[in-house]
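Let's walk through this one together, with the sequence and the fold side by side. Have a look around first, and then we'll start with a pair of helices.

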Amino acid sequence: MKRSFATALCLACLSFRGPAMAAAAAARFPVVDVHTHTSFGEKPAPIFGGAYELEDYLKQRQAAGIVASVSMEQWTGDRSPDLRQHRVIRCAGVGERVDLDRIEKGLESGRYGCVKIYLGYIPRYAADPAYGPVYRLAARFKVPVVFHTGDTSEKDALVKYADPLQIDEVAVANRDVRFVIAHLGNPWIESAAEVVYKNPNVFVEASALLVGNLSTLDPANVEEYVVRPIRWAFGWIEDPSKFMFGTDWPLNDMKSYLEAYKKAIPRKHWKAVFCSNAVEVFRIPADWVTCQ
Ligand SMILES: [Zn+2]
């Protein structure tokens, strides 16, 4: 049996929380959002509680207590502004054409702090030889590679390329690279959790399991399709250092997504999941965030 009896006992203990702990749970704390988009005005996207503009991005972060973020460049390349002054790490988007020169120059200059590969949107598996040089660059610059996994918002994309199980192969072949599974492989959550559990160099975030302003959706759906899957995967992985927080703004309202996520993660692991794991994996500068 994978889960030890001691762990089960400890989980049972968590339900005995006194008033002091409840008060602490309600307090605000610094949060890092590892999945956002900042191609402001470039792409029509569903907007919840504002516009797809920098001002609304910063307003949403403020409301949720988010102090730093990771932004995913589109695979087509885009003109996202450099937002380092707002504590935003930017991932280089990798498209059909693997533009190694752009990625390398961006990593060298510090414009990029990570790489994003769009499995499914780009019809290529993670182990495709075309991505090999990207993993070498990631190892050289010590930056994580994030994979889109799971359902695609485009009907003509091919989800067979977005199955998270395949990340196992590149994780084993590239132990010197840290990989991040985006969206918890939704709906292939079990595969994603197993690959993260098994591989020391694979991490996960569970952004956009549902999209919208979660405070306006049916609470039963939020529980079933957001809270339960995160709670289950977090338990299966058995390593709180592997899980990070992400919203996929502007597809989600940041604050209500954070509230749902918090329900799935035991209070004693909030500092890790909502802050320090992201600081570690994305090497967020020490003067940007102090996790508490
Ligand atoms: Zn996204």
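**A walk through the fold**

Start with helix H4 (residues 100-109) and helix H5 (residues 132-141): their axes come within 11 Å and cross at roughly 10°. An angle under 35 degrees counts as roughly parallel, so that is how H4 and H5 run relative to each other. At the interface, H4 brings Leu100, Ile103, Glu104 and Leu107, which meet Pro133, Val134, Leu137 and Phe141 of H5.

Now zoom out. Keep in mind that this is a predicted model. The protein has 10 helices and eight strands, and 45% of its 292 residues count as buried. Among contacts with a separation of 6 or more, 70% are between residues 24 or more positions apart.

How far can you trust it? The average pLDDT is 90, and 89% of the residues score at least 70. Confidence is highest in strand S6 (residues 179-181), at 99, and lowest in helix H1 (residues 5-13), at a mean of 37. Residues 1-26 have a pLDDT below 50, and beyond near neighbours in sequence this stretch has five contacts in the model. Where pLDDT is low, the predicted coordinates should not be read in detail.

Strand S6 is a good place to go next, and isoleucine 181 sits in it. Is isoleucine 181 buried or exposed? It is buried, because 27 other C-beta atoms lie within 10 Å and the cut-off is 20 or more. Leaving out residues up to four places away in sequence, isoleucine 181 touches Phe147, Thr149, Pro164, Ile167, Ala192, Val195, Val196, Val202 and Val204. As for alanine 193, 12 residues away along the chain, its C-alpha atom is 9.4 Å from that of isoleucine 181.

Follow the chain out of S6 and the backbone gets interesting. Most residues other than glycine have a negative phi, and most peptide bonds are trans. Leucine 184, in the loop between S6 and H7, has a positive phi, near 55°. Leucine 184 is also buried, with 30 other C-beta atoms within 10 Å. That loop also holds proline 187, and the peptide bond leading to proline 187 from asparagine 186 is cis, with omega near 10°.

Next up is helix H8, residues 219-237. Does its length add up, and what should its 19 residues span? At 1.5 Å a residue the expected figure is 27 Å, and the end C-alpha atoms are 26 Å apart, which agrees. Still, H8 bends by about 35° at valine 227, with proline 229 following within four residues. Valine 227 and proline 229 are both among the buried residues of H8, along with Val222, Val226, Ile230, Ala233, Phe234 and Ile237. The cover over these buried residues includes helix H7 (189-198), strand S8 (243-244) and helix H9 (254-264). After H8 comes glutamate 238, where phi is positive, near 60°.

One last stop is the loop between S8 and H9, where you'll find aspartate 248 and proline 250. Aspartate 248 has a positive phi of about 75° although it is not a glycine. With 24 other C-beta atoms within 10 Å, aspartate 248 is buried. Proline 250 is joined to tryptophan 249 by a cis peptide bond, with omega about 15°.

Note on methods
Residues are numbered from 1 along each chain as its sequence is written. This is a predicted model: local features need pLDDT of at least 70, side-chain atom pairs count only at pLDDT 80 or more; totals for chains, interfaces and linings use all residues. Helices (H or I, at least four residues) and strands (E, at least two) are DSSP runs, numbered from the N terminus. The expected span of a helix is 1.5 Å times one less than its number of residues. The bend at a residue is the angle between axes fitted to the seven residues ending there and the seven starting there. A residue is buried if 20 or more other C-beta atoms lie within 10 Å of its own, exposed if 12 or fewer, and partly exposed in between; C-beta atoms are placed from the backbone. Two residues are in contact if their C-beta atoms, placed from the backbone, lie within 7 Å. pLDDT is the predictor's confidence in each residue, from 0 to 100. Axes are lines fitted to C-alpha atoms, for helices over the stretch in contact, and angles run from 0 to 180 degrees between N-to-C directions. Angles under 35 degrees count as roughly parallel, over 145 as roughly antiparallel, 65 to 115 as roughly perpendicular and the rest as oblique.
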